[in-house]
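Welcome! Here is a short briefing to read alongside the sequence and the 3D view. Take a moment to look at both before reading on.

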Amino acid sequence: MPIQASSRKTSVLRNHLVFSALCALVLSLLYTAVRAALLIYNHELIGDIPSGDILEAFLNGARSDLRVVAYACIPLIIVIPSRRAMGWRCWGSAQ
């Protein structure tokens, strides 16, 4: 019986960590897509700026976005010690 409980706790933790990682990945991809869309939308403002400078600005924006993603994922990391809190993200019962 303790093996099942341990297995269930591991499963909940694994699911929560996968969910947290996927949330961070999706947020990162969305921020990158928005940054690329803004670059394409404002392409006439670029003028004769070298592509290396544009790439550097794009990468600096990506670094800034990763900070925002990290802050957005803090609540998902804080709830790891509480199995009940990890279950709150599910629409079913929190066990």
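**Two cysteines that stay apart**

The sulfur of Cys73 lies 6.3 Å from the closest cysteine sulfur, which belongs to Cys23, and that is too far for a bond. A disulfide needs the two sulfur atoms within 2.5 Å. Please keep in mind that this is a predicted model. With that said, here is a tour by topic.

**Cysteines**

- The structure contains zero disulfides.
- Cys23 takes part in no disulfide, and the nearest cysteine sulfur to it is the one in Cys73, 6.3 Å away.
- Is Cys73 buried or exposed? Cys73 counts as buried, because its relative accessibility is 9%, and the cut-off for buried is under 20%.
- Cys23 has a relative accessible area of 23%, so it is partly exposed.

**Overall layout**

- How many helices and strands does the protein have? The protein has three helices and zero strands.
- Following the sequence from start to end, you meet the pattern α-α-α.
- The protein has 95 residues, and 13% of them are buried.

**A charged pair between two helices**

- Side chains of opposite charge can pair when their charged atoms come close.
- The structure holds one salt bridge.
- Which residue is the partner of Arg35 in a salt bridge? The partner of Arg35 is Asp65, and their closest N and O atoms are 2.2 Å apart.
- This pair joins distant parts of the chain: Arg35 sits in helix 1 and Asp65 in helix 2 (residues 51-78), with their positions 30 residues apart.
- Arg35 counts as buried, because its relative accessibility is 16%.
- Asp65 has a relative accessible area of 17%, so Asp65 is buried.

**Rings**

- Arg35 has another contact to look for: its charged end sits over the ring of Phe58, 4.6 Å from the centre of that ring.
- As for rings pairing with rings, the count comes to zero aromatic pairs.

**A nonpolar patch on the surface**

- Val18, Leu22, Leu25 and Leu29 make up a nonpolar patch on the surface. Together they have about 380 Å² of accessible area.
- Leu25 belongs to helix 1, and Leu25 is partly exposed because its relative accessible area is 47%.
- Leu29 also has its place in helix 1 (residues 2-41). With a relative accessible area of 53%, Leu29 is exposed, since the cut-off for exposed is over 50%.
- Try finding Leu29 and Asp65 in the 3D view: they are 36 residues apart along the chain, and their C-alpha atoms are separated by 9.8 Å.

**A proline in a loop**

- Where is Pro81? Pro81 is in the loop between helix 2 and helix 3 (83-87).
- Pro81 counts as exposed, because its relative accessibility is 74%.
- Pro81 and Leu13 are 68 residues apart in sequence, while their C-alpha atoms are 9.2 Å apart in space.

Conventions:
Residues numbered from 1 in each chain as written. Predicted model: local features only at pLDDT ≥ 70, side-chain atom pairs only at ≥ 80, totals over all residues. Heavy atoms only, no water. Buried < 20%, exposed > 50% of the residue type's maximum accessible area, 1.4 Å probe, protein only. Helix = DSSP H or I, 4+ residues; strand = E, 2+ residues; numbered from the N terminus. Patch = residues over 30% accessible without salt bridge, like charges linked within 9 Å, V, L, I, M, F, W, Y side chains within 5 Å. Areas by Shrake-Rupley, 256 points an atom, 1.4 Å probe, with all protein chains shown as cover. Salt bridge = Lys/Arg side-chain N within 4 Å of Asp/Glu carboxyl O. Phe/Tyr/Trp six-rings, centres within 6.5 Å; stacked < 30°, edge-to-face > 60°. Lys NZ or Arg CZ within 6 Å of the ring centre and 35° of its normal.
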